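Reader: I should like to understand how the classifications assigned to this model are justified. Could the reasoning be set out case by case?

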Amino acid sequence: MPCTRHDILAPILLMASCLATAGELAAQPKTPVPDAQAQQTAKKAAGELFADRFTQAKTTAEKTALATDMMDAAGKVQAGSADQYVLLKIARDVAAGTGDAATALQAVERLLEQFDDPPAELIGETLLTAARQASTSAQYKAVAEAALAFAGKLADADHYDMALRLGEAARSSAQRAKLYPLAKELTAQIEEIKRQQLQSEDYRKALSVLEDKPTDPAANLAAGRHLCFVKGNWGRGVPMLALGSDTALKAAAIKDLRGASSAEEQVAIGDAWWDLAETKQGEERDTLRLRAGVWYRQAEPKMAGVLVGLKVKQRLEEISKLGRDIPAASRGPAGLQPPPLAIAPFDEKAAKQHQAAWAKHLKVPVLWTNSIGMRFALIPPGEFEMGSTAEEVARLMKEAEAQKAPGWYLERLPSEAPKHRVRITRPYYAGIYEVTQAEHERVMGTNPSRLKGNPIRPVEQVTWHDAVAFCRRLSEDPKEKAAGAVYRLLTEAEWEHACRAGTTTRYSFGDDAGILDQYAWWAKNSRGSTQAVGQLRPNAFGLFDMHGNVWEWCADWHAGDYYAKSSPDDPTGPDSGSSRVLRGGSWDYDLPGHFRCVCRYLHRPADRNDSYGFRVSRTLTP
């Protein structure tokens, strides 16, 4: 029976959706691919059962019939068994080996429904084999049309090499079938995939920069443009454009992020994107108009009978001529007014209220656990006074001299000044605990700590580079990637904001060093070692061991005069330096001043010590 275009594209579209919703599918139970020994046993049994058919099948029709019968047999054996897996794989190979893309893809569809096989490689290799073996115009056409439908989906899922190989094979098939319009369409697709691949490389470079400097303007622009204009992920991309170096894009993105509480404000945001689109050409102009359409569509029902409503209707009609659907409004803060910033001072009750309000706004939990069991608390954006005044430094100097404080402490106290207002503009997750030895060993495969004996003690003997590598490795975990989780160190400003939790006192619990034992492991109570995380009292945001146990590496370079020139919004430290910042104090220090919220410690990024550890942050993009 001749195959139709629907027969070919139906499994392609189904499996393309597998790539697009990989995160959801990862949570659905599927049967693991059987091991090599089980497959070998099943292959032997299948070979014996279909021995005569393999010998007799000479023509394409006979081999297609054999593949179909093997798929029927796969439906009669135990679901999820090695027998089923092997029967479907052989059916796929037989059909693809004759150039029959439609039948081969039916076998692949059955495989992906039952088994946890990577869809990109499975579908791509199937179509490449069918392209190589095709010998008739009908087969060439079937392969070319299927590849055209799937190569773009591969590129969307960042499988650029496979997408390009498939595109080239499909174009060759189209040319052999003398389907020149289709070949031309494939040529355009190949060029677009190459462009996306280059942009993806720029995006990865930008993300690497953002690991160390989360507010770098150029990196935010590159990452934001890729997410919005290539991936269509405006929810993640707009916050980055708002921190980017393109003034016009930044202005529109900031307006978008602020949201709207009325139809008039929704129109104003749409106008911002529309006006920007009028300065662009081609695909970029169309994409910006579609973003304007997101806001216009929300406003239109409420603007009937007014002149502005006619403008909105007219522009929506122009957007409809693009032949593309306007994306649905973001489920996050789009169209909603964000909660107020958490502006210090505020008490523990208010801290919990700020966390709850932002969790509701972002549609995320206040407390979140990742795939390896690390727990995080939502830290709301806010404002606070960072550092110490000159008068406070002078007073601390006298106290330290009287207490015979070490020389490094006296030398670094002046770097706490001047006290300056800092605004953290974006929410983030902070680890409830310092990274433990067990977590480090699970992610990195090693435990470098000197003070072992309990796997939930904080990991120590880690350099700044080790801490960054941990964040990168955790971010690359397939389950974390599927969840969209990106991990990094906290900036120094984020650390102090999270530590203070609304307080303006020396410690997160007040000014009384007499109760430091209740919150911090230090030389007076640590018994000469680190201690298991989470045993003492947390601060108002629910974070443990922000004082003591181990010094925590921050993302920033250190400079003694940085506070005098620090940005008021999301500061990320100097552009360069020789040492990185550590915060919080550690188990072997006995001066209460070391554990103050503002105390700054520094070391070279390659240094390691049994008092150096780190806490992880997860980036949140509304």
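Reader: Why is Asp569 called partly exposed?

Author: In this predicted model, Asp569 has a relative accessible area of 33%. Buried requires under 20% and exposed over 50%, so Asp569, at 33%, is partly exposed.

Reader: What makes the contact of Arg423 and Asp569 a salt bridge?

Author: The rule asks for a side-chain nitrogen of Lys or Arg within 4 Å of a carboxyl oxygen of Asp or Glu. The N to O distance between Arg423 and Asp569 is 2.3 Å, and therefore the pair qualifies. Arg423 belongs to strand 5, while Asp569 sits in the loop between strand 8 and strand 9, so the pair ties together parts that are 146 residues apart in sequence. Both residues also take part in a network of salt bridges with Glu383, Glu385 and Arg421.

Reader: Why is Arg289 called buried, and Glu318 partly exposed?

Author: Arg289 has a relative accessible area of 9%, which is under 20%, and so Arg289 is buried. Glu318 has 29%, between the cut-offs of 20% and 50%, and is therefore partly exposed.

Reader: How do you know that Glu318 and Arg289 form a salt bridge?

Author: Their closest N and O atoms are 3.5 Å apart. That value is within 4 Å, so the pair counts as a salt bridge. Glu318 lies in helix 17 and Arg289 in helix 16.

Reader: What makes helix 6 mostly covered?

Author: Of its 16 residues, 13 are buried.

Notes:
Residues are numbered from 1 along each chain as its sequence is written. This is a predicted model: local features need pLDDT of at least 70, side-chain atom pairs count only at pLDDT 80 or more; totals for chains, interfaces and linings use all residues. Side-chain values use heavy atoms; hydrogens and water are left out. Buried means under 20% relative accessible area, exposed over 50%, partly exposed in between (1.4 Å probe, protein chains only). Helices (H or I, at least four residues) and strands (E, at least two) are DSSP runs, numbered from the N terminus.
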